[in-house]
Each structure stands twice: as structure tokens, then as C-alpha cells.
Amino acid sequence: MKTQGQGQSKRKQLHHPLSPHSNPFDILTEEIVCNILDHLHDDPFATKSFSLTCKSFYFIESRHRRILKPLRPDLLPRTFHRYPFVSHLDLSLCPRVDDPTLNDLSSTWKATLRSINLSRSRFFTNAGLSSLFINCSGLVEVDLCNATHLTDLAASAIAEAKNLERLSLARCKLITDMGIGCIAVGCRKLKSLCLKWCLRVGDLGVQLIALKCKQIRSLDLSYLPITEKCLKSVIRLQHLEDLILEGCHGIDDDGLSTLEQSQSCKSLKMLNLSNCQNVTHTGLSALINGTEQLQQIILAYGSSVSQKILKVTSDLAKCLLTYSKLQSIKLDGCIITWSGIKAMASLDAPFKELSFSKCLGLTDDGLSFLVQSQKDLRKLDITCCRKITYNSIDSVTSSCTSLTSLRMESCSLVPKEAFVLIGERCPFLEELDVTDNEIDDEGLKSISRCSKLSILKLGICSNISDEGLAKFGSCCPLLKELDLYRSIAISDAGIAAIADGCPALEMINIAYNDKITDNSLISLSKCRMLKALEIRGCLGVSSIGLSAIAVGCKQLTVLDIKKCFNIHDNGMLLLAQFSQNLKQINLSYCSVTDVGLVALASLSRLQNMTILHLAGLTPNGLAAALLACRALTKVKLHASFRPLLSQSILGHMEAHGCVFHWRHKAFQKEMDPKGWKLHFGRSSSEVP
Amino acid sequence: MDLKDKVPQHASFTQHQQKWEDPSILDYSRRVESPFLAFNQTHTSQIKVPVQHGVVNELVQASKVQDWDPSAMLDNLSFLEQKIHQLQDLVHLIIGRKGQVLGRPDELAVQQQQLVTADLTSIIVQLISTAGSLLPSGKHTLSAATPSLEQSGQFGGVVFPSAQGLNDGFQPPNAGGCRVSGLPNSVDISRKHGNEQNHIIEEHELKDEEDVEEGESLIPGTYEILQLEKEEILAPHTHFCTICGKGFKRDANLRMHMRGHGDEYKTPGALAKPNKESGSEPTIIKRYSCPYTGCKRNKDHKKFQPLKTILCVKNHYKRTHCDKSYICSRCNTKKFSVIADLKTHEKHCGKDKWLCSCGTTFSRKDKLFGHIALFQGHTPAIPLEEAKAPAGPSDQGDSNQAANKVGSMNFNFSSNVSSESEVQSSMDIKGNVDDPACYFSPLSFDTCNFGGFHEFPRPPFDDSESSLAFLLSGSCNYPQKSGED
């Protein structure tokens, strides 16, 4: 909006010498209009409105457009003529992209296409890929994730893309060393390659990649059956910066120790050895020997053998001593020892990010000792560190005053007083996760001083009430994400305060809160940026509230109204009319019937539906809705519908790329079927 | 005594039969050529032999391993009893047929006779081996026999003794076995059995020699250079009998042949390897030159590299200067001028599924990747049918098994069969498929192999057919035998 304003002001200045009858837009040069267009990518409707202004704008916009993210592939041919200069094509919303489509688009955008995303698409084969890569020789980036049907033939088609720099083949499980060998020989300019979950790719393929593609910067080899044999070649890559070896169980200490000490990857900046259960500090030190640039190291969920882990942390810290540029260590799920913490504290590297999520041995003393010297720490994750108490929070907040992110879900021993400290001492916080904690209104009021806060998670914080929320809402206008899942003490007043104070709100979760009524939704309808709304199990919400949301929040893309028994077809009708951006909806247990569902089917972007236990739903209504919904990619249905729907309908849907998930879940009457008793606060779950 | 009389009589019916007694008959190529052996049983026997060899070894080993076990002994005794009964039946059979056979000295009768003899042999061998395992002290005699079995590598050591044992009035085959393995060429004989044409082995040896010779650096002038003419090189035989003119590929075979020309050739001196005596004297090293001018192996070439042996010369000349007339029947593309090369290729043809874009095939994936890493622009070639069977060349190592499947499905003893005979065996089956007895007989071996061998040296059923009968190599005739039963 702002940029459009600028354009208008320019136009006004230029307007004076002209007669009032001429088209005021004619004065704008194409260059200026293009400049305006460059700034219009925030709002998806902006460019649409722009091109509908006049013929010349339409023409300019169609020539200007570089990025295209079509909703449905069957509409793609119409865009061929309109947008001749598309260079980035994102087909992630098109579940069905077949070979003819690929043929057509590759011959249309032969010269311009640089990047294509096929990660969510199916039904194309190596033939289509072959024509794509032969025609569009300028392709630089290709995302073929999840193409589980692609074989080595497709890989040999990819090898035609001589200019390819970024390639993702994650989960292409049929591609073998042979295919990777073709890519290695063909795509010599590769800089980034993701082979995660390509289970048939082994040492030979990776070795050839490392031998032939010398430009590689980033290499993701997660979960491959590889050993140190290929690492010998990989660490010789002169430009390698990111190396991800997550879950490579074939890599072990013995193998890593055979790596030549002289040959090391000097450029390496990030190393991820998560889930490598056979690697301890000895293997790590062999691998990172000589990598002076190392900035980030991720060792989450290492060896499950506790004996090994105990050694890791103390010795590991020692082997990190020389890496002065180290900024980030993630030790999620490891066992931390006192000696390890001490050794880590003695590292002179100023950490920016530390992650101890689910670390068993992390104590107050350890954490306090460690953070003493870390004045520059920005991000700290102590999720589920259940030994942490007030003392830790005290020392963390007093030392690390520039924290921007603090995640401390389920730190159950931290008392409510500690949260006051966070608000007082960490004014730069942008993200705070205090899910399942003792925080109360006093704490929340204190946290409202963190005016930059954009993500706040208060799920299962039963001590929070409207009072705290009201204070918070008035102070944190930048809030984008708020989680109030099962924070049962809040009601409409609190939500209203948030809606008033946080116009940037994009995502809110107020599931399973009894006191929430339509009024909350009516106030939330003021948040025009709202994209995701979850009101599961809010019994006080009806179609009226939902209608207000539908009318007010045009950007809404994800909606979860499961178990809102009072939402009827009327709500759906308005939703169908206004929420044209809706992509995902969960309608389970609602009082919606065939009428509502068929109405919803008119939403052209709706891709994902969960429809379990809709009392008023008949097989015919369901079939009609399914057939009308052209963009559907995933539908969750109760298994009882399976025999009732005609096979031809299911076949038709599946041919269009829709996947059905049949569920056998029994009907649940209660809100808390698993007996978590979350409604009764945390006292009952706090048994030591 | 009946037997003693009979066997020589029949043996004299044909030339072949004579040879059977003569060690030189085991020059297999000749036997195949002889019209008499156009019978397909020759092939069958070739296939089965290695298996049975394995069986025999297993048997011996089993008995070696056995400790003093009364129950096992009882088993063995009852087995012996059974065998002796069978032996009796057989002898009766022979007596009963004597007149008839004498009256009709035709091929059929000969074969029947051979069959009976074969069965006889097998039973005797079993008897002896079982009897040996009865006594703790017997182990020694057995183990004394065992090396001859194992060393000879094939059944040759067993065949002979049993055959001669028959002639000599049931001499213990052990002794015979030792004697045969003591012969200078016994190893040769047995090795040849695996092959239809014995020159395969010759040329394999050759190839090795030529390879070894590559690195040799003799100072010029320190050796004598010989150059054979083209015709000489391409001649099929190099050793000719001075009496009858018959040609041989090996001198040893010629010497064996010479024995048939008179007693003077049977002396140890005449039979001994001539080179051995001269080995003590300092001889001038001989090297060979290729007659093809311009060839690096030609003595006139600037960087002349001599060939080490005549065999090297032969192979070199054929490979380098002759047409490649042998075409692989599987891929129809690869051509060879040396038949051994073809055989070697056929062993792997089709198994080399790791293919480079340049057309080179590799039997191992890492070799292909090494090749691709080395050459610019070469890339792995993805076979088109791979799309249909994506599981295809993904896993290493299982390729051989897959390729062997055909063979093992029919015979179930691929591990024991040498790969050369595998090709033959598959052809064999086609030839014999109309004869059910012949077709199934290999399967009965199979059951033999797996059927509780450690308790019983042989399953009680099917003995006469599946036992060592076929040890008499070409002389036993399966179709006929089963017809009699």
C-alpha cells in the first residue's frame, strides 16, 4: 500500500502539465510502473488489483511478472500467453503435473525459466523431465522433493541441466548411485544438493558427486547409507560450507579416524551430525579438524549409549576449543554433565545460539555457569529441561540481556516469579515459548515490556487470565503468533484486547477454551492479516462468529473448527463466499451438512479437508462436494464412507492428485478423551 | 569270476572301451569326437560329476569327523547289509544277461553292461567307505584315500580304481585310487573332465603366462629368439605321433598315446617329462618372436618385447593378427579370436550390468564409478528396462546369483558345478527333455545331497541310480538304465 502511495505521489507531480482529460496513468513510464510492481509482493491481491486497473497496467504487469505460483495446472496454458517472462515457477499447489504440462511449459518459457518447484507434484515421469531440462537449459534451481516415483532415468534427464546450481532430491527413494552418477557428470555447476532420504544412494554416488561437482556449497546427505569412504572425497570440496549428515548410521568413529588429517574442509561453516549414533567426540574432532570457519554445529540426539554421551560433552567441548568463530551449538536430547558444561564455558567463542532441548543432565548450576560469560547469546532453547528452577532463569536473564528467543516449554520447576525477571531484563525478546509453565498475569504483564515480541506461546498456562492478556495486548503491537491452547482462564475480553492491540496478528490458537464465544471471533475479525485460526472445541462459538471472521479476515488460509458443535451450514456459506484464500479446513464433529460442504467446494484454493464425524453428511453430498472441489490434494474421511462412495469418484479424484486418508477413529463425545485433565490446571500433573 | 571274464570282453568291443581302461582315454576331447559318445549321457555325466565329487568328499569328511558312535555304527552296518544285497542282485543280473550279451555284441548291450558295471562300482565304493567308517582304525585307511580324492580334484581317482578293481577281482579301490593319483598326469586328466574341449584349460594357462611375461625385462642377446611361421602357429596340433601320425596339443598326451604302440614306451623314462632331465643343465633361455612384421612382438621391432612360450605366441598371434571369428552367442556383439577368451566372456556376459555411456561394461559397480571418475564426459548408462524393474541394478553382489538362477533351478547344485559346464548343462537339458528319467535324475541327486547325509551315507532309496554309478563318466547311460528299472 505504501509503495502504491509513492507511485501516486509521483504521478501527481507529473500530472500538472497535462490536460485533465488524458489518462492520468499514461504519464507513468513503464519503468516507474515496474518499480511499483517490484514492491507489491506482500499482498497477493495487490498485483491482481493492479493489473485490473487498465489495459496498459495489465500489459505491463504481465510483462513484469517473473514469479508464478499457479493454483491449478489446468489453468496453466492460459498463463502461457499472458506471462511470457516467467522465470520462477512454483507448482507446489498443483498436485497433478503430467508430462504434457511439463512439455508445454518448458516450450513456452524455454528461454526465461530459471527455477521450478515440483516438490508437491506427481504424475510426471522422466519423459516430461527430459523435455523440461532439454528445453530450459537456463534452469538453475530445481526442487524435486518427494518424487518417490522417479527412477534413474529421471536422474539421467536431470543430468541434461548443465547450468543447474541447486537441486533437491529429498525422498527420491528409487534413485540409485547410477542416477546420481549421471547428475554428477551432467550438472557440474551444482552448488547445493539435497539427497536426504535417497536411500539407494551410497558411497559411490556421493563420492562421484564430490569428485565432479567442485562448486558444491551445501550438501545434505541425511539418512543415506554412506560411510567414511565418500566423506574422504566430500571434505576435499574446496567451497563446502554446509554439511548435513543427519542420521547417517554408517558413519562411525573408526571410519572417521581414517580420514586424512591433512585433508580437511577449510570452508565448512555448518555441520549437522544429529542422530549419528555411532559418532562421538573422537569422530567429530577427526571430521572438523582444520575447519577454522566453523560457525554452527548440531549434535542433537547423538549416541543413545549414555556412557558414550557422558564422554561426549566434556571431551567434545575440548575438541571445540580451537574454533573461535563458533556461534551455535545444538545439543538437543543429549546428556549434559557438569564437566561438559564447565568445558563448554571455558570456550572463548561468543555463542549466539545454544540449544539444550530435552537435555537430561542440565542443572541450574550448569546453565548458570555456562551463561555467565555469554553476554551475546541471542537464542536459548531449554525446552523440557525439568531440573531448571528460578536460579537458572535469574542468571540467564541477568547475563544474556540481548536474548531474542527463549524457548522453555515445560520447565515445570520454574516458579511464576521467574517470568517477571524475563520481562524486566530481556527487552529484545522476539520469541517466547512458555507453554505448560507456571506463568501468571504478573509474569505476562512484565513480559509485555518486550515490545518486539512477535511469537508468544502460552498454551496450557492456566494461570493466565484476561487481565494479563489485556496488558500484553496493549503493549505488543508486533505480535504475529499467539498460542492460547487450553489456557482455560481466558475469555472474550482478553481476546478482544489482543485483537485491538495486535493488528499484525497472523496466527492464533484458542482451542479448548470454554469461555470463548462469538464475541472473541467478532473482535478477531479486525485482524486483517489473520491467516490461521484454530478454535477447536470452543463450544461457545457459532456460525455467527465464524461469519464475522470470514468477512473480516480475507487472508485466512488455515481454519480448524473441529468440535465446534454450534457451527452450522450458515457459517460455511459465508466462508465459501469470502474466504477465497482458504487452503485447509478441519470440520470434524461440526454441525455442517451436505449443504455447507457443497458450498465450501466453491473455494477454488481449498486443498486440504478433514471431515470426520459430520452428523449431517451423506455419501451423495460428500461426493458432490469432492467432485466440485477441483484443487483438493488431501482429504481425511471416516473409513465408513469408503464403501459408500463410488469407486469411479475416488478414482477420478485420485487421478487429479487427491490423496484420501481413511480414518477409523471412533466418535468422541468428551473434550478430553484421553483424561489428561488439562482443564484442572497443572497441579495434578505435577506429581514428582 | 564271471565278472572278471566279462568285463574285458566287453571292454574289447569298441575302441572306446579300450580307452576306458587306458588312462589316456580321459583325454576328453577325443571321446567326444568318437561317434559312440554321441549319446547325451556324456554331458550329463559332466555335470553331475562335480556334485558327486562333493558328495564323496562330504561322505569321507563326515566319516572322519564321526567319533565312535554305536548307533551310527548300527546304521552303517544295516546300510552295508543293504548294499551287499544290492550287489548280489546285480551280480545275478549280470549272470542272467551274460549269454544274451555275448550273443548280441552291439552297442546296446555294451551300454547295459556298462551300467551294471557302474552300479557295481558305486556300491563297492560305498561299501568300502562305509566299512571304513565302522572301525576307528579304519579312519586311517580312509584318510589315506582321501587325499587322492581331493588332490585329484575330480572323480578320476575313484573311477579308475573301481574299474580296475573290477578287472582285478575286486581289489580295494583305495589302493587303486592311490595308484592313479600317483600317475604323473592324473591331475591333468581330472581337470580335463570339466571341459568338453581340453584346450580351454591349455589356453587359460597360456593367457596367464602371457600376462606374467608382460613385466619381464631380459637383456637383449642373453636369450635365443625363435620365430614360428604363421602356419605352424595356427596348426591345431603341435605334437605328432611318429608311428601313426596322430596329432596332440600336449606332449604329455602324446606320451600317453605312445604307450599304446608298444612296451618300450611304457618305461618311466619314456613317460617322464623330457624337460625335467635337461633342467639341471644350464640352457639358453628361449624367447619367441611373432612372425608378423611391424608387430611389437616381432624381433625386428625397435622396442621388441619377446614372447615367453609357444603358447604365448599362439594366443598373441590369434588375438592380434587373426580375425575374431568367435561371436558370443548371448550378446551377439563381442567377438574373439581365441575360444578361451570367448568362454571367459560368456561366463560374465549379461552379468556385466554396470554400463558406461562409452559402452564399456563392468561386473562391479565400484569399477564403473572408478572408470567414470577417471574419464571426462563418461556417465553411467541407465538401461531403459530399468524403469520397469526399478529394483534392478541397485544392490551389489546379487547379480551372480540371479544369473545363475537358471542353472540352479534345474540342477540345484550350482555351487559345485564349474561354470563352464553350466552352459553345457543348460543345453543338455534341452536335448534330453523328452526323456523323463534323464531329466529327473539330477534332481534325485539333489535329494541325495540334502537328505540327512550325516546319518546315512546315502538315502536308502534310489541307490542304484543315484550312487556313484555315473562316476564311470561317459560309460554309464542313464536313459537306458532307468528304462531297465
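Student: What covers the buried residues of helix H18(A)?

Tutor: In this predicted model, the cover over the buried residues of H18(A) includes helix H17 (390-399), strand E14 (405-407) and helix H19 (441-447) of chain A. The residues being covered are Ala418(A), Phe419(A), Leu421(A), Ile422(A) and Gly423(A), and they belong to a helix that runs over residues 416-425.

Student: How is burial distributed over chain A as a whole, and how many helices and strands does the chain have?

Tutor: Chain A has 27 helices and 24 strands, and buried residues make up 56% of its 688 residues. Among its contacts between residues at least 6 apart in sequence, 74% join residues at least 24 apart. The accessible surface of chain A comes to about 28200 Å², with 53% of that belonging to carbon and sulfur atoms.

Student: What makes the pair Glu61(A) and Arg82(A) a salt bridge?

Tutor: The nitrogen and oxygen of this pair are 3.8 Å apart, and the rule asks for a side-chain nitrogen of Lys or Arg within 4 Å of a carboxyl oxygen of Asp or Glu, so the pair qualifies. Glu61(A) lies in helix H4 (residues 55-64) and Arg82(A) in helix H5 (residues 76-82), so the bridge ties together parts of chain A that are 21 residues apart in sequence. Glu61(A) and Arg82(A) also belong to a network of salt bridges that links them with Arg65(A).

Student: Why is Glu61(A) called buried, and why is Arg82(A) called partly exposed?

Tutor: Glu61(A) has a relative accessible area of 2%, and buried means under 20%, so the word buried applies to Glu61(A). Arg82(A) has a relative accessible area of 25%, and because the partly exposed class lies between the 20% limit for buried and the 50% limit for exposed, Arg82(A) is placed there.

Student: How do you know that Lys531(A) and Glu506(A) form a salt bridge, and where do they lie?

Tutor: Their side chains meet at 3.9 Å, N to O, and since the cut-off is 4 Å, the pair counts as a salt bridge. Lys531(A) is in the loop between helix H22 (518-524) and strand E19 (532-534), while Glu506(A) is in the loop between helix H21 (492-501) and strand E18 (507-509), so the pair ties together parts of chain A that are 25 residues apart in sequence. Lys531(A), at 29% relative accessibility, counts as partly exposed, and so does Glu506(A), at 23%.

Student: How many salt bridges does the rule find across the interface of chain B and chain A, and which residues form a salt bridge there?

Tutor: The rule finds one salt bridge across that interface, out of a count of 20 over all chains. Lys365(B) pairs with Asp177(A), the closest N and O atoms being 2.8 Å apart, which is within the 4 Å that the rule allows. Lys365(B) is buried, with a relative accessible area of 5%, and Asp177(A) is buried as well, at 2%.

Student: What else describes the contact between the two chains?

Tutor: In this interface, 24 residues of chain B are in contact with 19 residues of chain A, and the two chains bury about 1600 Å² between them, 71% of it on carbon and sulfur atoms. The rule also finds three residue pairs in polar contact across the interface. On the side of chain B that touches chain A, strand E7 (354-355) and helix H18 (365-374) of chain B each supply at least two residues. The largest share of that side, six residues, comes from H18(B). By kind, the residues of that side divide into 15 nonpolar, six polar and three charged.

Student: Why is Lys352(A) called partly exposed, and which residues does it touch?

Tutor: Lys352(A) has a relative accessible area of 34%, and partly exposed covers values between 20% and 50%, so Lys352(A) belongs in that class. Lys352(A) sits in the loop between helix H15 (338-345) and strand E12 (353-355) of chain A. Leaving aside residues up to four places away in sequence, Lys352(A) touches Gln327(A), Asp376(A), Leu377(A), Arg378(A) and Lys379(A). The C-alpha atoms of Lys352(A) and Gln296(A) are separated by 9.8 Å, although the two residues are 56 residues apart along the chain.

Definitions and conventions. Residues are numbered from 1 along each chain as its sequence is written. Chains are lettered from A and ligands numbered from 1 in the order in which they are written. This is a predicted model: local features need pLDDT of at least 70, side-chain atom pairs count only at pLDDT 80 or more; totals for chains, interfaces and linings use all residues. Side-chain values use heavy atoms; hydrogens and water are left out. Helices (H or I, at least four residues) and strands (E, at least two) are DSSP runs, numbered from the N terminus. Buried means under 20% relative accessible area, exposed over 50%, partly exposed in between (1.4 Å probe, protein chains only). Contact means heavy atoms within 4.5 Å. Accessible areas come from the Shrake-Rupley method with a 1.4 Å probe; for residues, only the protein chains shown count as cover. Buried area is the accessible area (1.4 Å probe) that two parts lose on being put together, summed over both. A polar contact is a pair of N or O atoms within 3.5 Å; within protein, one must be able to donate a hydrogen and the other to accept it, and residues adjacent in sequence count only if both atoms are side-chain atoms. Ala, Val, Leu, Ile, Met, Phe, Trp, Tyr, Cys and Pro count as nonpolar, Asp, Glu, Lys and Arg as charged, and the others, Gly among them, as polar.
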